Amino acid sequence: MRIPCPFCGLRDSSEFVTIGEASMSRPPADAPEAQIFDYVYLRDNPAGVNQELWYHAQGCRSWLKVARDTRTHEIESAVLARGGAQ
Amino acid sequence: MTNSQRLSSGGLIDRGKPLSFRFDGKTYRGFAGDTLASALLANGVKLVGRSFKYHRPRGIFTTGAEEPNALITLRSGARREPNTKATTVELYGGLEATSQNCWPSLDFDLQAVNQLFAPLFVGGFYYKTFMWPAAFWEKVYEPLIRRAAGLGAASGLPDPDRYEHATAYCDVLIIGAGPAGLSAALAAGRAGARVILCEEDFRLGGRLLADHYQIDGETGTQWAEQAEAELTALPEVRIFRRTSVFGVYDGGVYGALERVADHLPQPPVHQPRQRVWQIVARRAITAMGALERPIVFGGNDRPGVMLASALRAYVNRFAVAPGRVALFTTTDDGWKTAEDLIRAEIPIEIVIDPRANVAEWLMKPIARAGTRILLDAVVTDTKGGRSLQAIEVLKSGSKLTFDVDTLAVSGGFNPQIGLSTHLGGRPRWSDEIGAFVPGELPSGMAVAGAAAGQYKLAECLAKGAACGAVAATDLGFSASAQPAPRVADEAIEVKPLWHVAQSRHKAFVDLQNDVTSKDVEIAHREGFRAVEHLKRYTTLGMATDQGKTSNINGHALMADLVGRAVAEVGTTRTRPPHVPIAIGALAGPHVGAHFKPTRYPAGHEWALANGASMVDAGQWHRPRWFTKPGEKDWLESVTREAKTVRAAVGVCDVSTLGKIDIQGRDAGIFLDRVYVNMFSSLAVGKARYGLMLREDGFVLDDGTTARLASDHYVMSTTTGNAAKVMQHLEFCHQVHWPELDVAMVSVTEQWTQYAVAGPKARVLLQNLLGDALDLSNEAFPYMACVEFTWANVPMRLFRLSFSGELAYEIAVPADYGEALLRELMRAGASLGVAPYGTEALGVLRIEKGHVSVGELNGQTTAADLGLGRMLSTKKDFIGRVLARRPALTDPERPTLAGFKPVDSAQRLRSGAHFVPLGITPSVENGEGYMTSVAFSPHVGSWIGLGLIKRGPARIGERVRAYDPVRGGDVEVEICSPVFVDPEGARLHV
Ligand SMILES: [Zn+2]
């Protein structure tokens, strides 16, 4: 699989590390515990396009938000993950 | 020995280059251009192996990677390679091969009696026969199966050869250099596209080399040679010979195996044996052709029975002369074999075709040559011992016998669809050709020629060229139309005949796995009817040929039994690799010392020269201890090192700890959010111990972070977590708080750092630095830090202590690391300085109750480690909310404490479980576990750190440290985790 890093271009997935779904942003400090629990543990795991966080560990060290189809591994887009899920 | 079965002229072998080789100890001669299979046939060797299950004699059945029978062991000694297909081995002088699966010899195989017990070996036999009793598996069944029914054996020696990995990029990857592939390469190459053409054979041309074709008035071979010459001259075209594309991966990535030196006795100097390519292609065209399939009839496995297209290739390309030949064909293509044999003046006795009608023009030249033709007839069985002697034919109810030694069989063709299914595409059944063709293709892939079911040469050339042109045009190149080459029309009709029902003897579906038509019936009877179940139950289609000649026949038989069309029953999809690949090739250069990178700190050579024993710490090599002359074991060395630090001064390389340079206006705020404690309030020139949590509230890592300037911090992490912490910090900054003005970079390898620890540490540094710095306790107190220059070298000094003694850490750019180490040892010589390793470091920190990897194990909270009060209540930080969950703050949680054996002579072991005294140890009454142990010279016995329920409240209590795995069972006393200087007075002198 190859991931289009906005800085480095199309690179092999072995250069990246993923931590899975980019389902929501980190809740604010005063958010209820339940919301933080959801942020840490709840994932949608869709069969289809999934927003995921990938780290270009052996490249520019950018965290990317990658839209990947979990059925075909096709990648629709990869953008800088600034600001989390928004 | 002479080439008794070799035509006197013709073929693509080089008669000027004879090659001598050995098979089962006998010497034979072949020619350059031969495969091992063709050379054996030319020498009259028909029997080349015994079958997997029944040890039946087997010969050569095909010409390629689809070969189910002719598996041999190639080479000897460490280069011995079992289960090699004789059909894919390019002959070289001095080649050595042996047959497999036979004992005591190929000609006389005692285990052929397995045939008599055939009822034991029917479909599902693995599951039935060897089920009970379970204890028999290891001792009886497995060795029995391995001996009786194994394939070849590996050498068991280290492989002396090297394997490489490489990556290539192209616009158009073309897989297969037959007529379709060559046409595609010419079209795309002429348009200017970067083309990679992969061909598994050592010569380009595919069926053009094996059949008699005329293209624009030239022979197929001449046309292929001209195409090759033109492609070679095109600057953007690369040709990979002896290269099999074995897998299709996501995003246009293809795996290919190049057999760089398999055709040589051993690889030339500096050359690998094989090279695994990762080919990144914008478009791909598979043009891998089609494979002929056999017909299932009695004794269809006997040496001498082979595919008709294979026999044709042996005659035309390799100038092999078979003896008395019969042809059993249900395809028009099969008749070409008869035509070519007659052209080569090889007698063909009879042609048997189950079809009632065959085109007159196909039969005419055959009949004219005096060959008998039987239509509407079938071969039911074969006769013979170690090779074919006769066939039995059924025609209009009467049985006829013909004495032949070679039977060519043509049952139809299966397009090579394997690669098209690697990403999940389902093949589609074509009634027109009676075979599966590629269905939905991976993005960017096209299929041309026989691989797409286009069997006529004219189609192969035209469709190949069209695919090549389309791929190039898609990518922005302009392809000009070329006139289609002129070729004669061909008859390609097929009437599939899956199984000759009138056969009396064993009729094989899968030759490699000895799966018969009866086995398919049994699978059906017992309910294993889906094709994937059929495969698992009977082993149909498994092993080195992956059912390339057997799958469709097996699936068609099953379709017949369930009364459905083959299209409805479907076929199995394949996974990479398309052809077998040695694990060594996949491992490539990443073996032995190159399995992973090794990192050496700057002082590595010095340490080795001074008696260091090394240990792997993360990816680093670190000195574990330094042995002095006369020391008899590691404990003696470690104890001396630890005592030296407590009494005088020691030097330890701490460069491998992660170092992250953090700069920016908001660096302090950023650290406040990633650490549980405050760093924005830290004064410039000071350092502080920090603790980091994961967002789920557990401890991630710890370390000391120093503030060098208001906008400049340098963080240290544990050695093993350096990369993880870096990734975490980048995540926090980029994803959570991109608005913060902060940037960070790992400088672990850029700075070398030594701990200088012990009551004489200050004197040592004063000896070294002279007046450069005021090191008095007042001027440079505990937790101070400073950047300075000494001898024109930038340096950093931190007053940190992991040992509990007066201690410093001094850092220099890594290039000066070893020089600094030598200077430190020189400056400390009169003070009795000693270098110390990770073991003494561990002793000193355990004596002081500092946590490390054993305690930072991903399951502990700050409170578990006695660090709960560090959690700031004035700010938000990663992990703050979830760390407060009831289960994480339960007072019953195992908490850090120290442990001493009640009998001071007893040794402690980490991993031991704590259980109350006087009860039977069980999982339920476990109270925690020992995390770190050391022999403490200070205490005079073994001591430990561990996590035990309500630890700090139980000081003085005794429990059992129970370690059944290593036979440990020690009564221990719970104590404070700080064994040395609990007031911390030594830190502040
Ligand atoms: Zn990048």
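How many helices and strands are there in chain A? Select chain A and colour by secondary structure: 1 helix and 6 strands appear. Keep in mind that this is a predicted model.

**Stop 1: chain A, overall**

Trace the chain from the N terminus. The elements run β-β-β-α-β-β-β. Switch to the C-alpha trace, which spans about 40 × 30 × 20 Å along its principal axes.

**Stop 2: the zinc ion**

Select the zinc ion, then show A:Cys5, A:Cys8, A:His56 and A:Cys60 as sticks. The donor atoms are SG of each of the three cysteines and ND1 of A:His56. They lie 2.1 to 2.4 Å from the zinc ion. Next, check the geometry. The 4 donor atoms subtend angles of 104 to 119 degrees, so the arrangement is tetrahedral.

Now read the donors along the chain: their spacing is C-x2-C-x47-H-x3-C. Pick out A:Cys8 and A:His56, a pair that links distant parts of the chain, 48 residues apart. A:Cys8 sits in the loop between β1 (2-5) and β2 (9-12) of chain A. A:His56 sits in the loop between β4 (49-55) and β5 (63-69).

**Stop 3: a helix pair in chain B**

Select residues 179-190 of chain B, helix α4, and residues 220-233, helix α5. Their axes are 10 Å apart and meet at an angle of about 30 degrees. That is under 35 degrees, so α4(B) is roughly parallel to α5(B). The crossing is left-handed.

Show the contact side by side:

- From α4(B): B:Pro179, B:Leu182, B:Ser183, B:Ala185, B:Leu186 and B:Arg190.
- From α5(B): B:Trp223, B:Ala224, B:Ala227, B:Glu230 and B:Leu231.

Colour these residues by class: 8 are nonpolar, 1 is polar and 2 are charged.

Definitions and conventions:
Residues numbered from 1 in each chain as written. Chains lettered and ligands numbered in written order. Predicted model: local features only at pLDDT ≥ 70, side-chain atom pairs only at ≥ 80, totals over all residues. Heavy atoms only, no water. Axes fitted to C-alpha atoms, helices over the stretch in contact; angles between N-to-C directions. Helix = DSSP H or I, 4+ residues; strand = E, 2+ residues; numbered from the N terminus. Parallel < 35°, antiparallel > 145°, perpendicular 65-115°, else oblique. Left-handed = near helix turned anticlockwise from the far one by under 90°. Contact = heavy atoms within 4.5 Å. Nonpolar A, V, L, I, M, F, W, Y, C, P; charged D, E, K, R; others polar. Donors = N, O, S within 2.8 Å, 3.2 Å for Na, K, Ca; no water. Tetrahedral: all angles 85-135°; square planar, octahedral: opposite > 155°, others 65-115°.
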